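I wanted to look up how some of the helices pack and what surrounds the ligand. These entries record what I found.

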Amino acid sequence: MTYIPNSIEARDVASLVHMQTNLRRHQLEGPLVIARGEGCRVFDESGREYIESVAGLWCASLGFTSDRLARIAYEQMRKLGYYHLYRHRSTEPAIALAEELLRIAPVPMARVVFQCSGSEANDTAIKLAWYYWNAVGQPQRTKIIARQMAYHGNTCAAVSLSGKPDMHAGFGLPFANFKHTEFPHYYRRHEPGETEMEFSGRMAEALEKLIEAEGPDTIAAFFAEPVMGAGGAILPPQGYFDKVQEVLRKYDILFVADEVICGFARTGEMWGCQTFGIRPDMLTSAKALSAAMQPISAVLINHRIHDAMLAQSDKFGNFAHGFTYAGHPVATAVALEVQKIYAEIDIVGRAKRLGPILQSTLGQLKAHPLVGDVQGAGLILGMELMRDGQKRIPFDNALKVGARVDVAAMRHGLILRVVGDRLVFAPPLVIESHEIDEISQRLQRALDDVAEDLEENDLQ
Ligand SMILES: Cc1ncc(COP(=O)(O)O)c(C=O)c1O
């Protein structure tokens, strides 16, 4: 394609590398340039409106603009636009945000370590797991277990933790001491007649087998998202985390909960850990922590980890870790204000009220011929597209049904997230019920278009 010289599309193609994008195709097709936001909606350069049913990247919890947060950032920049937390220095917003996170933590936590992204938070948690085992005299515990199809980010370590083969291809990753256990996707993977409880038992057995095969005293930590987001909004099957935690306790393996998507009411409680009964040693959070208005993340660590870190300072004289912008005063001031907004609008109560509306409204589309299953918790939901939902027969991958629904949905003014043939929804937490209706109507039109297209061109 030839772009109009100096058009915004031409400038993009000539200057930017886009993430999770087919770079060759991008040269031909160019970008969709988003120009502005309004509540749960965004508008492109031509003024076309879209409902953002996945809050950008599961993160714009308060929608896409905020005068109130802009004022906080402005005031903080005027007062102190930068300082750091190195070498005993501190700032009030960082202290206040850490206090607030400790106050609302799902289990007693001792301290907060700030970084700038979810990937960095998980990377730091990996380092802290290694640091912990070194401190307590078990330095051979270097292996980390996560799940196939998990998404934990993109630094070298966080992507090694991630269990998505497409993210490893061509990079020579994952690193050798990252292991992946079974993907607990009940709908797709259960045996005929197998209950959720039985399936969860099988998942826990697979984890235990992996631990035994690798050597229990070589395993440092297990990482899991309460609901697997980029894996397709996969809910843990019934009993899953109880059984998994039993295995981890047996072998004294640390549990790190990746709450980067689930944290701050996404699943209907403040934390996914509360929704699913998880008691982590460390918890990573980002995204809705600042309503995505500032890049910031946090690792919450319990006393067991913190005591070991103190001992390491006695030994090494220094906690030799850090990022220039970690705990940035503007980011922490904004995130702190976000926490105030969450309290004022009762974000958990809101998720408890709107979550069932999202689940039931989109749940009705289970009757659509393309839809095999709909499952979610709170304000996150996954919809499986199947050739035959009853018999669990998937579409041929070559038909790219999910990608076709994605394109059709965009045509109808709906931005959603597609993971293979699974559609994922995680709208801003401030969504209203009439907007959920709009999502459902636009989605229905997109599904109808694709069903008709498949009928006419592919499935005779
Ligand atoms: C569960 C989870 N963990 C970690 C990350 C990485 O966060 P970031 O993109 O901020 O590095 C993501 C990003 O989507 C995520 O979904």
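The notes below take the ligand and then two helix pairs.

I am working from a predicted model, in which local features need pLDDT of at least 70 and side-chain atom pairs count only at pLDDT 80 or more, while totals for chains, interfaces and linings use all residues. I number residues from 1 along each chain as its sequence is written, and side-chain values use heavy atoms, with hydrogens and water left out.

**Ligand.** I looked up the residues around the ligand (those with a heavy atom within 4 Å of it) and found among them Ser117, Asn122, Tyr151, His152, Glu225 and Lys287. For polar contacts (pairs of N or O atoms within 3.5 Å), I noted that a polar side-chain atom of Ser119 lies 2.5 Å from a ligand oxygen, and that a polar backbone atom of Gly118 is 2.8 Å from an oxygen atom of the ligand. On the nitrogen side, a polar side-chain atom of Asp258 lies 2.7 Å from a nitrogen atom of the ligand.

**Helices α10 and α11.** I found that the axes of α10 (residues 196-214) and α11 (residues 240-250), being lines fitted to C-alpha atoms over the stretch in contact, come within 8 Å and cross at roughly 25°. The two are therefore roughly parallel (angles under 35 degrees count as such). Where they meet (heavy atoms within 4.5 Å), α10 contributes residues including Met203 and Leu207, and α11 residues including Val244 and Leu248.

**Helices α15 and α17.** I saw α15 (residues 347-363) pack against α17 (residues 433-457) at about 20°, with axes 10 Å apart, which makes them roughly parallel.

Key
Axes are lines fitted to C-alpha atoms, for helices over the stretch in contact, and angles run from 0 to 180 degrees between N-to-C directions. Helices (H or I, at least four residues) and strands (E, at least two) are DSSP runs, numbered from the N terminus. Angles under 35 degrees count as roughly parallel, over 145 as roughly antiparallel, 65 to 115 as roughly perpendicular and the rest as oblique. A polar contact is a pair of N or O atoms within 3.5 Å; within protein, one must be able to donate a hydrogen and the other to accept it, and residues adjacent in sequence count only if both atoms are side-chain atoms.
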